[in-house]
Amino acid sequence: MTVINAENQFTSPEDYNGTGTIDNPIKTDVVVVGAGPCGLFNAFELGLLDMKCHFIDILDRPGGQCAELYPEKPIYDIPAYPEINGQDLTDRLMEQIAPFDPVFHFQQMAAACEKIPTEDGTPLWRLTTDIGTVFEAKVIVISAGGGSFMPKKPPIPGIEEYEDKSVFYSVRKRDAFTGKKVVIVGGGDSALDWTLNLQELTDSMTLIHRRDSFRAHLDSVNKMFAKVEEGAMRFEMGQVKELKGENGQLSSIVVQHKDKTETEIECDVLLPFFGLTMKLGPIAEFGLNLDQNLIPVDTEKFETSEPGIFAVGDINTYPGKLKLILSGFHEAALMSRQAFRYIYPDAKLKFEYTTSSSSLQDKLDVDDKKEAKTA
Ligand SMILES: Cc1cc2nc3c(=O)[nH]c(=O)nc-3n(C[C@H](O)[C@H](O)[C@H](O)COP(=O)(O)OP(=O)(O)OC[C@H]3O[C@@H](n4cnc5c(N)ncnc54)[C@H](O)[C@@H]3O)c2cc1C
């Protein structure tokens, strides 16, 4: 697996074996935009059908929302994993796709996509990143999730001074909150889930929400109020009006209630969870049909309005779409069959099971893995 990012000193497209420029683009079967969980699984399904792919992601690592927003939060609806957290799921997906040797270009944004004219009219695409790496591929798969997701920031004066020091919009490392006085703001699933998840580690936990009705699951809300009853944490109805501290380190926050009274709460860390804004960014300019910042696809091939450009995972929309990881896995399997027809127009597409096909097992290095296990 090849990973190209700031750490391995990839500073210009020419560093990648002299390719990646407009005159000498990186030529590959498929470029996948987005290395979230659904994006990653594309490499597996494409690989089974002998298609090579390069990934582009703005983040510095794979996993998309799972790695960025909830690496340590358990997921309960991944088939055959009764419980797996966001980071472990990402790691298992990376392990699963390793036999196909995908190449990862991190810390780059897919910035432009244009059609390259071909003699026979078959699709060929040029994709360019924001640092100027140029790819040429017959197939593009957009798995950009919610686009470049940005946290919605609360309108608290001076909050910027504390950001990334004592105000965080996501939880990267759970342990970082051990023994801290933590205040969480919000009434959605992220706010409630993290309140319950972190409470035991903290010195004190306070949840602040502007009203007593919540968007989060009722079960989480009930669990939170049970903890308040036990005296394990505190709930305050109101809005954060002021932050107090020095050099980016909070010492307390002031909450204003509906009746305009105020409460000051000691606080080392503030976690505002006000949701995320979907910023589709440059993908909106790729010339694809869009529906409310999502990419409409058919449910047979998961192809967009442009032949050879597919959309898999949270970024797509079709009747009945569920934004679940397992939906993206299914979509990747069907997308790959149509992608195969573009890459190998003269080849016959067979349907095979990995359990019984020796050729699929060769691609997956199954014998090598068995030997390694018995050694
Ligand atoms: C708190 C929380 C809990 C959740 N729990 C569950 C659950 O229990 N079960 C479940 O099935 N789902 C759950 N989800 C939803 C699940 O995480 C998403 O369905 C899943 O992440 C979608 O995967 P994806 O690969 O389509 O997109 P994402 O995970 O959003 O990844 C998209 C990637 O594309 C990259 N990207 C975007 N635009 C560009 C660009 N122009 N250039 C380069 N890179 C780009 C982003 O940086 C990102 O890494 C949860 C989500 C949240 C926020």
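pLDDT is the predictor's confidence in each residue, on a scale from 0 to 100. The structure is a predicted model: local features need a pLDDT of at least 70, side-chain atom pairs count only at 80 or more, and totals for chains, interfaces and linings use all residues. Residues are numbered from 1 along each chain as its sequence is written. The protein averages a pLDDT of 91, and 93% of the residues score at least 70. Residues 6-15 stay under 50. For this stretch the model has 13 contacts beyond four places in sequence, a contact being two residues with C-beta atoms, placed from the backbone, within 7 Å. Where pLDDT is low, the predicted coordinates should not be read in detail.

The protein has eight helices and 21 strands. Both are DSSP runs numbered from the N terminus; helices are H or I of at least four residues, strands are E of at least two. The C-alpha trace spans about 75 × 45 × 45 Å along the principal axes. The radius of gyration is 23 Å, which agrees with the value near 21 Å for a compact globule of 375 residues. The radius is taken over C-alpha atoms, and the globule rule is 2.2 Å times the number of residues to the power 0.38.

Strands of a sheet pair through backbone hydrogen bonds, either parallel or antiparallel. Here two strands count as paired if DSSP finds at least two bridges between them. One open sheet has four strands in the order β13-β12-β11-β17, with parallel pairing. β13 (234-237) and β17 (269-272) are the edge strands, and each pairs on one side only. Neighbouring strands are turned by 20° against each other on average, direction ignored. Axes are lines fitted to C-alpha atoms, for helices over the stretch in contact; angles run from 0 to 180 degrees between N-to-C directions. Within this sheet, five bridges link β11 (residues 181-185) to β12 (residues 204-209) in the parallel sense. Val 185 has Ile 208 of β12 as its bridge partner. Helix α4 (residues 189-198) packs on the sheet and touches β11, β12 and β17. The direction of α4 makes about 160° with that of β11.

A three-strand open sheet follows the order β14-β15-β16, with antiparallel pairing. β14 and β16 stand at the edges with a single partner strand each, so one side of each is left without a neighbour in the sheet. Neighbouring strands here are turned by 25° on average, direction ignored. β14 (residues 239-246) and β15 (residues 249-256) are joined by seven bridges. Gly 245 stands opposite Leu 250 in β15. The two strands form a hairpin with two residues between them, and Asn 247 in the turn has a positive phi of about 50°. Five bridges join β15 to β16 (residues 262-266). Ser 252 stands opposite Glu 266, and Gln 256 has Glu 262 as its bridge partner. This second hairpin has five residues between its strands; Lys 260 in the turn has a positive phi of about 75°.

The ligand is surrounded by 39 residues. A residue counts as near if its C-beta atom, placed from the backbone, lies within 6 Å. The closest are Gly 34, Gly 36, Gly 64, Gly 145 and Gly 313. Two or more residues of the shell come from each of α1 (37-48), β3 (53-57), α2 (64-68), α4 and α6 (325-343). By class, the shell has 20 nonpolar, 14 polar and five charged residues. Ala, Val, Leu, Ile, Met, Phe, Trp, Tyr, Cys and Pro count as nonpolar; Asp, Glu, Lys and Arg as charged; the others, Gly among them, as polar.
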